[in-house]
Amino acid sequence: MDAITTKELTKYYGKTRGIERLNLSVAEGEFFGFIGPNGAGKSTTIRSLLGLIVPTSGEAKIFGKNIRTEKEAVLAECGYLPSEALFYPGMRVKDAVRLSADLRRKDCGAEAAALCERLKLDPARKIDELSFGNRKKVGIVCALQAKPRLLILDEPTGGLDPLIQHEFFEILRERNEEGATVFLSSHVLSEIRRYCRRAAVIRGGSLIACDSVEALSRTNARRVALRGQLELDGLDGLRDVKETEGGVSFLYSGEMKPLLERLAVGEISDLNVTEPDLEEIFLHYYTGNEISSDVRKEEA
Amino acid sequence: MTIVRHELRQGRTAFWIWTGAIAALLGICIFLFPEMKGEMDTVSDMFASMGAFTAAFGMDKLNFGTLTGYYAIECGNVLGLGGAFYAALCAVDVLAKEERLHTADLLFTHPVSRVRVMTEKLISVFLRLTALSVIIYLVSVGSMLAIGEDVPWKVVNLLHLAYFLLQLEIAGICFGISAFLKRGSVGVGLGVAFLLYFMNLIANITKSAEFLKYFTPFAFCDGAAIVTDGKLDAGILAAGLALGALGIAAAYLSYPKKDLT
């Protein structure tokens, strides 16, 4: 069964586009990444999945249940961590955690205590006095304590120190092994690469790629760095051209022959051709520039 | 009733401040009565010669020299305005605060329907207004007994009932407004309470604006009319409660479909 299914999901805020005809499918048990630049529609998608906003058209289902008609049943299966975890004034950590458990009509005391212990969070502290990262920990405990089948996490590691980030992902990995589905919206591409098996890329409100992280990362583009002088004008498949000390560096995804011909006549003292790193590959999704014919094939 | 408990806990400081302030002012007013009783003939004459404003505050029909008249005008204003402001502030922020504080993401992503959230929030407002009214009633009656006056039970009961219903009506209207707001709710709530208060003053001053009585709950709380008639004006009361119910209905119709951002 799919944990998340959206069909032609569309949301307009007045005349402003949020998301447009989004078709997404996340299988139960997946560790799924959701990436895209600011304003791409990630939050709109998540808010539609959780029933916080009403779609203009299309539908969203969680474990086969429609979020609009069976919202309570859907939300009983979901744990949500917003990008900015905010709570009511004057509350202590334990009050917020208990409120969340009470709203689920579950006794999550033991699990909450274990999570607080692992995340080094003092339940007696007042939330108003906590740092951004520690407030995020409170949000994590609230989202995870009831052991939901689906975890929807929006930029979950913002503000967390590296040790806590590691512990947090360790918890997520354990939950995922126990069968929980993890839907991770993140700008941190290394997190997506390290933990997610599949990912979707959203840009301009539309899904532009959805595949395994490995396939999304595959490319025939190369990072070319050279010392010396090379005429680049008229060369197709160039992007991210940077002047370096005594040379130039660029990403190249065009035919090899024209590049080799230019290199042969250039005044070059040193040359380095490497595969681009994941960040460079994913960046083209953010900027809209082409980089890889392989990726284009995957998208098709 | 998780949300009821949560709301009551969240609003307890404001509740005790408002209840304490209104009760203290009422108590002081009542404790001043024995001292002022002797001077009230002069005061009544003075108030009776203030033209339209005498009618606006109902001072043309009441004798300030009696506890009934004094309580209906002086204490009525304290209880009326204080209760109205508290009811407005309570209700106008009860839904809007979720977006203002950005806590909608926390509350509405739990398996609780929006209708249930609204109902529990409304119950919490009702409970707070009931508690405030009961405490203030007890303080008022206790103060009257403490100064050795006979309690005019019927007038006191009717006045306090009227002001409780006023609070409910204003809370209903403001609850409706709250469903459409994201921020700035406190200003709106105070504005509504002030507007309704001045609508009643205008309705009392000029005959041509008398129809305004059907749009403000202060009209059925008119101390002079309650003392004179020995009852609440059923027509104005029904119109007022209908307005409150309309506010609640508007909230229930719109809020479940609202985009929470």
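The following exercises, each with a worked solution, concern a predicted model.

**Exercise 1.** Determine how many residues each chain gives to the contact between chain A and chain B, and describe the side that belongs to chain B.

*Solution.* Begin with the counts: chain A contributes 20 residues and chain B contributes 18 residues. Next, locate the elements on the side of chain B that touches chain A: those giving two or more residues are α1 (2-10) and α7 (104-107) of chain B. Finally, sort the residues of this side by character: eight are polar, seven nonpolar and three charged.

**Exercise 2.** Identify the residues with the most contacts inside the largest nonpolar core, and examine the surroundings of A:Phe183.

*Solution.* The largest nonpolar core comprises 145 residues, and A:Phe183, B:Ala88 and B:Ile170 have the most contacts inside it. Helix α5 (residues 67-94) of chain B gives the most to this core, namely 17 residues. Turning to A:Phe183, and leaving aside neighbours within four places in sequence, its contacts include A:Ile4, A:Val26, A:Phe32 and A:Phe34, as well as A:Leu150, A:Leu151, A:Ile152 and A:Leu153.

**Exercise 3.** Classify the packing of helix α3 (residues 93-103) of chain A against helix α5 (residues 132-144) of chain A.

*Solution.* First, take the geometry: the axes lie 9 Å apart, at an angle of about 25 degrees. Angles under 35 degrees count as roughly parallel, so α3(A) is roughly parallel to α5(A). The crossing is right-handed. Then list the participants: α3(A) supplies A:Val93, A:Ala96, A:Val97 and A:Ser100, while α5(A) supplies A:Val138, A:Val141 and A:Cys142. Of these residues, six are nonpolar, one is polar and none is charged.

Note on methods
Residues are numbered from 1 along each chain as its sequence is written. Chains are lettered from A and ligands numbered from 1 in the order in which they are written. This is a predicted model: local features need pLDDT of at least 70, side-chain atom pairs count only at pLDDT 80 or more; totals for chains, interfaces and linings use all residues. Two residues are in contact if their C-beta atoms, placed from the backbone, lie within 7 Å. Helices (H or I, at least four residues) and strands (E, at least two) are DSSP runs, numbered from the N terminus. Ala, Val, Leu, Ile, Met, Phe, Trp, Tyr, Cys and Pro count as nonpolar, Asp, Glu, Lys and Arg as charged, and the others, Gly among them, as polar. A nonpolar core is a set of buried Ala, Val, Leu, Ile, Met, Phe, Trp, Tyr and Cys residues joined through C-beta atoms within 7 Å. A residue is buried if 20 or more other C-beta atoms lie within 10 Å of its own, exposed if 12 or fewer, and partly exposed in between; C-beta atoms are placed from the backbone. Axes are lines fitted to C-alpha atoms, for helices over the stretch in contact, and angles run from 0 to 180 degrees between N-to-C directions. Angles under 35 degrees count as roughly parallel, over 145 as roughly antiparallel, 65 to 115 as roughly perpendicular and the rest as oblique. A crossing is left-handed if the near helix is turned anticlockwise from the far one by less than a right angle, and right-handed if clockwise.
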